[in-house]
Amino acid sequence: MTENLDQKAALALADETDYRALMARAALLRDKGHGSRFTYSRKVFIPLTQLCRDVCRYCTFAHPPRKGQRAFMTREEVLEVAREGAKAGCKEALFTLGDKPELRYHVAREELADLGHETTISYLTEMADLVYRETGLLPHINAGVMTEAEIAALRKVSVSQGLMLESVSPRLLVKGGPHFGSPDKDPNVRLDTMRAAGRLAVPFTTGILIGIGETRRERIESLLAIRELHEEYGHIQEIIVQNFRAKPDTKMADAPEPTVEELLWTIAVARLIFGPQMTIQAPPNLSPGALRELVAAGLDDWGGVSPVTPDHVNPEAPWPHLDALAKETAACGKTLIERTAIYPAYALDGARWLDKSLRTPVLRSVDGEGLPRTDSWMTGTPSAPPSLAAGPSAPIDDELTRILDKAQNGDDLTESEIVRLFATRGTEVAAVCNAADALRRSVNGDTVTYVVTRNINYTNVCYFKCQFCAFSKGKLSENLRGKPYDLDIEEISRRASEAWERGAVEVCMQGGIHPEYTGETYLEICHAVKAATPDMHIHAFSPLEVWQGAKTLGLDLGDYLGRLRNAGLGSLPGTAAEVLDDEVRAILCPDKVNTAQWLEVMEAAHEAGLRSTATIMYGHVDTPVHWARHLRRLRTLQKLTGGLTEFVPLPFVAEEAPLYLKGQARRGPTFREAVLMHAVARLALHPHIPSIQTSWVKMGPEGVQACLNAGANDLGGTLMNETITRAAGAAHGQEMPPEAMERMIRTLDRTPKQRTTLYADAPADRIDASFGAAELGEVNNTPARKYERSRDKRDRVLYRPGIDAAD
């Protein structure tokens, strides 16, 4: 079975009479591209005007001017409909209207003048902008035939546009044909509009109308004409196959409608011509009782469905209720999933497909796959997380079952298999989480571990410009909010001693890369902590700090790590990993260590006898493909060295992050994505990394509980002081003492246990000291000196490994 039929093979389908065989081929193709996913857009329908210069003989949407009825919806009427849609959870504002009525009707010209416009397109542009600004709904425009300039004007106020080709047959334009007297139905004119949209990079919807007198061959020729445009410009989001419905009071009221078999044949042929990835759509309200057959023919989308407004083009055919549609779709073996007016691939590539003014709102409205966020949860906020309980969904398919079995056996998962796990929706999410939790139970039992630790962030001055970081301050940092500080050695020692008195077994120390720090700085910090608290475990210095420290002393990584170990360093935090894929790092942190350098530091640390953790910071500009690559790289490292103690997912806290404030990042992961990250990590890293940690600072208490039921077994540290996540906008506190930690664990009928950094049992005296600990004393954030470097310091190179490696 070929995925891309050539023109000859496509035209030959006109003679295929076994539509059931075509449907079977089409369904296999569809499943290859879309799996069990079936989409729709929750929309509100805004018929800005129903006047039209064309006189299509099957249409009841357009009509001549009517006495006492306005030619155009007023601004107030448009907003009223849009606001009702927004209240009902719609994401799309569909503007549908007749073609240029001002060219035919005097009343249209007069009313436009009263509205302050010369053309319908000009008024439409204003209304689309108004609806977006007032309601946040994303406009999709069906405005008929347009010039390139008109398309360009609408591109500034809409996320997608559409025009049904209907048919390339010129026969339909002759006298007696359905398009007679309708100049805008000339197929060449319509193709020119679609071509102009392609040149302007407008995500575009089009399709064919069947049963109006065209032949099967002409349908195929129409689909091939669309495919040719898409192959040139890549802008066709979806193909609609719409069946003609005879309507009273039209010249085609008595015309025969196409049979269901004819519709099924056409849907299957469209799928075979366009292959597995294209979205093929048919309106569900035009084929009641036949939805199962439509799905079997190769569809993957129901189009826009409105919970608020009727289908003004087909008023005799009401939209199905969304709950009922979800149940019917599930009965067909598919899970109904909401999308926006702009399809996922286009939404995630806004720099190409969207006007600059719309890139940020679209990016902030979608998840890592480009599908809409359907709840308001954000990392680190006090809002309650949404339920992950699934509605009507497809049954778990054989492919997912195979992947879960493979993971539970400890076999390596491929990139595409991990991506498939992240793509789960509906009941599939529960299947993944349950499989991960079963592994957690077999590896870790029902014990939930945590460590009593103190975070010491010794400076927030940093010369790197990471686009996600709201912590660093100073002249060279990306974000200048807050007061720069640089803790003196006495304050670091005091904090370590206080932590020991409060039962800590570990200090976790990291900071910005101060331009005056060298490798000696980190050695001095280790010596000071060990002098103050000889038995304290020092968990410190990210791979970036290690890299920079070694470079400033002219040492190779192994030698410098040996010196750190001799100075008292016990292990490394696996931070600065962000996402281990240089496509992402080029945006987030181009001057930081790249993927290979991060892995090199970790391998060297493990060879030096220093174990480490590993993290991922996700939910910004990344996608599930990048997450899969990250997990596979960690698995490879762990199989090589065995030095990783745990994996720590860190969901992106967007609120104060520079990249988010610039409008260039998503709002962090959705709750579904955050929970799945823990579950998929458990599956993809098994059996090599036995501990999956969840961050109470970022996930919050309720989020942590969900993750502990999805493969996580560890709650990380009590922290005592936490500044990095709070600087980014998180609101979940700076400390969770053992009393609170254990209460939370016991609510899940799990057994809490204090541990050391390296997962040994915490000593009894440390446990005793940690309960009922005294309040923390006031911290003294030593103000950073004014950034003035002496001549010898000015001559010092500021190492930027990411840039240095690129050079």
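## Loops, cores and a helix crossing

Asp 749 is exposed, with a relative accessible area of 69% (exposed means over 50%, buried under 20%, partly exposed in between, using a 1.4 Å probe and protein chains only). This is a predicted model, where local features need pLDDT of at least 70 and side-chain atom pairs count only at pLDDT 80 or more, while totals for chains, interfaces and linings use all residues. Residues are numbered from 1 along each chain as its sequence is written, and side-chain values use heavy atoms, with hydrogens and water left out.

Back to Asp 749: its phi is near 60°, a positive value in a residue other than glycine. Leu 719 also has a positive phi, near 80°, but Leu 719 counts as buried, at 11% relative accessibility. Here they are side by side, with helices (H or I, at least four residues) and strands (E, at least two) taken as DSSP runs numbered from the N terminus.

| Residue | Phi | Relative accessible area | Loop between |
|---|---|---|---|
| Leu 719 | near 80° | 11% | strand E17 (714-717) and helix H28 (724-727) |
| Asp 749 | near 60° | 69% | helix H29 (738-746) and strand E18 (751-754) |

One more loop to look at: the peptide bond from His 686 to Pro 687 is cis, with omega near 0°. Pro 687 sits in the loop between H26 and helix H27 (696-708).

Now for the inside. A nonpolar core here is a set of buried Ala, Val, Leu, Ile, Met, Phe, Trp, Tyr and Cys residues joined through side-chain atoms within 4.5 Å. The largest one has 120 residues, and Met 509, Phe 541, Trp 598 and Phe 647 touch the most other members. Helix H26 (residues 671-685) gives the most to this core, with 11 residues. Apart from it lies another core, of 93 residues, including Leu 130 and Met 278.

Helix H14 (residues 356-365) has Leu 358, Pro 361, Val 362 and Leu 363 as its buried residues. They pack against helix H5 (120-135), strand E3 (138-142), helix H6 (148-155) and helix H12 (344-347), with contact meaning heavy atoms within 4.5 Å.

Lastly, look at helix H15 (residues 398-408) and helix H16 (residues 415-422). In H15, Glu 399, Leu 400, Arg 402, Ile 403, Leu 404 and Lys 406 meet Glu 417, Arg 420 and Leu 421 in H16. By class, that contact has 4 nonpolar, no polar and 5 charged residues (Ala, Val, Leu, Ile, Met, Phe, Trp, Tyr, Cys and Pro count as nonpolar, Asp, Glu, Lys and Arg as charged, and the others, Gly among them, as polar).
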